[in-house]
Amino acid sequence: PDWLLARSDPGLIACIWRRWPRLRPMTSLLGNTATARFELPSTDSPWQVAFGAPSKLGRCLSPRTFLAFRVLLALFWTGITIWSMVDHKANDLETAPEFYIYLTNWSLLIEWFYLVSATFVTRMALRNPKRTALDGAPSKTPLFARITYAAQVETYVLSFFVFVLYWALVYDGGTIHALSVFTHGVNFLVALADCLVAGIPMRLVQFWLPFVISSTCVRVE
């Protein structure tokens with residue numbers, strides 16, 4: 001067909017785009033350069049909508065209930081994080097700095113940062129619900145929202161891999177400690193609950209960040 005003979009890349013892509021509409025949803029899944037930078041769609045400050053309202057699954061929640069849900073997740077995971085750090089120091093005092101070299105603990109801290117940050121951003125969104133920037137003019141996704149969005153992607157991906165890899169490769173059938181269950185299982189359940197009720201959709205192009213984080217952690221270990 002003549003469209004296969006197109007010499008210019010834009011022309012070829014345009015032909016494929018017109019003839020195979022089924023490929024179009026793939027762009028939503030893959031994302032683009034803007035989503036790779038963790039920017040939300042360039043409408044009037046959509047961060048208020050993205051962080052101030054639950055997902056379709058949680059649409060029955062009122063704004064206050066939605067915020068309370070995020071507060072509870074943040075408080076719960078703050079307690080688990082403190083427990084993990086205290087336990088590590090109590091049992092391995094001379095090597096306490098090693099707490100920060102394991103992927104499990106990186107995931108633990110990133111998840112804590114995300115849940116706390118998402119709570120504050122949600123609170124800000126609910127205080128300023130209109131789709132206008134804080135200064136009254138349209139703007140791109142603010143930096144604090146982009147950082148929280150990036151932390152969300154890291155949390156969802158890392159918590160899943162920490163959960164799977166620990167029980168598939170590390171666990172040797174010995175005694176199961178309660179803290180290990182929380183840091184290698186409940187961590188993913190908390191992330192999953194947040195994803196189902198409050199999560200902003202992820203795109204494949206954003207997975208570069210969890211890859212960099214995990215690769216760096218492996219090199220440190």
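# Helices 6, 7 and 8, a pocket and a cavity

Student: Why are helix 6 and helix 8 called roughly parallel to each other?

Tutor: Angles under 35 degrees count as roughly parallel (over 145 as roughly antiparallel, 65 to 115 as roughly perpendicular, the rest as oblique). Helix 6 (residues 103-127) and helix 8 (residues 178-198) pack at an angle of about 30°, and the two are therefore roughly parallel. The axes, lines fitted to C-alpha atoms over the stretch in contact, are 11 Å apart, and the angle is taken between N-to-C directions on a scale from 0 to 180 degrees. The model is predicted: local features need pLDDT of at least 70 and side-chain atom pairs pLDDT 80 or more, while totals for chains, interfaces and linings use all residues. Residues are numbered from 1 along each chain as its sequence is written, and side-chain values use heavy atoms, without hydrogens and water.

Student: What makes a stretch such as helix 6 count as a helix?

Tutor: A helix is a DSSP run of H or I with at least four residues, numbered from the N terminus.

Student: Which hand has the crossing of helix 6 and helix 8, left or right?

Tutor: That crossing is left-handed, a word used when the near helix is turned anticlockwise from the far one by less than a right angle. On the helix 6 side, T104, S107, L108, E111, Y114 and L115 make the contact (heavy atoms within 4.5 Å), and on the helix 8 side T183, H184, N187, V190, A191 and D194.

Student: What makes two of these contact residues charged?

Tutor: Asp, Glu, Lys and Arg count as charged; Ala, Val, Leu, Ile, Met, Phe, Trp, Tyr, Cys and Pro as nonpolar; the others, Gly among them, as polar. E111 and D194 are therefore the charged ones, beside five nonpolar and five polar residues.

Student: What is the angle between helix 6 and helix 7, and how is it classed?

Tutor: The angle is about 140°, with the axes 8 Å apart. Since 140° belongs to none of the named ranges, this pair counts as oblique. The crossing is left-handed. By class, the contact has 13 nonpolar, seven polar and two charged residues.

Student: How do helix 7 and helix 8 pack?

Tutor: Their angle is about 145° and their axes lie 9 Å apart. Here too the crossing is left-handed. Among the contact residues are F160, F163 and W167 of helix 7 and F188, A191 and D194 of helix 8. Ten nonpolar, seven polar and one charged residue take part.

Student: What makes one space a pocket and another a cavity?

Tutor: On a 1 Å grid over the protein atoms alone, a 1.4 Å probe fits in a cavity but cannot get out, whereas a pocket is open, with protein on both sides within 12 Å along at least five of seven lines. The largest pocket holds about 540 Å³ (the space filled by probe spheres set on the points). Its lining (residues with an atom within 4 Å of a point) has 21 residues, and Y102, T104, N105, T183 and H184 are the closest to its centre. Helix 7 gives the most, six residues.

Student: Which residues line the largest cavity?

Tutor: W77, T104, S107, L108, E111, T183 and N187 do. The volume of this cavity is about 30 Å³. Helix 6 gives the most to the lining, four residues. Glu counts as charged, so E111 is the one charged residue there, alongside two nonpolar and four polar residues.
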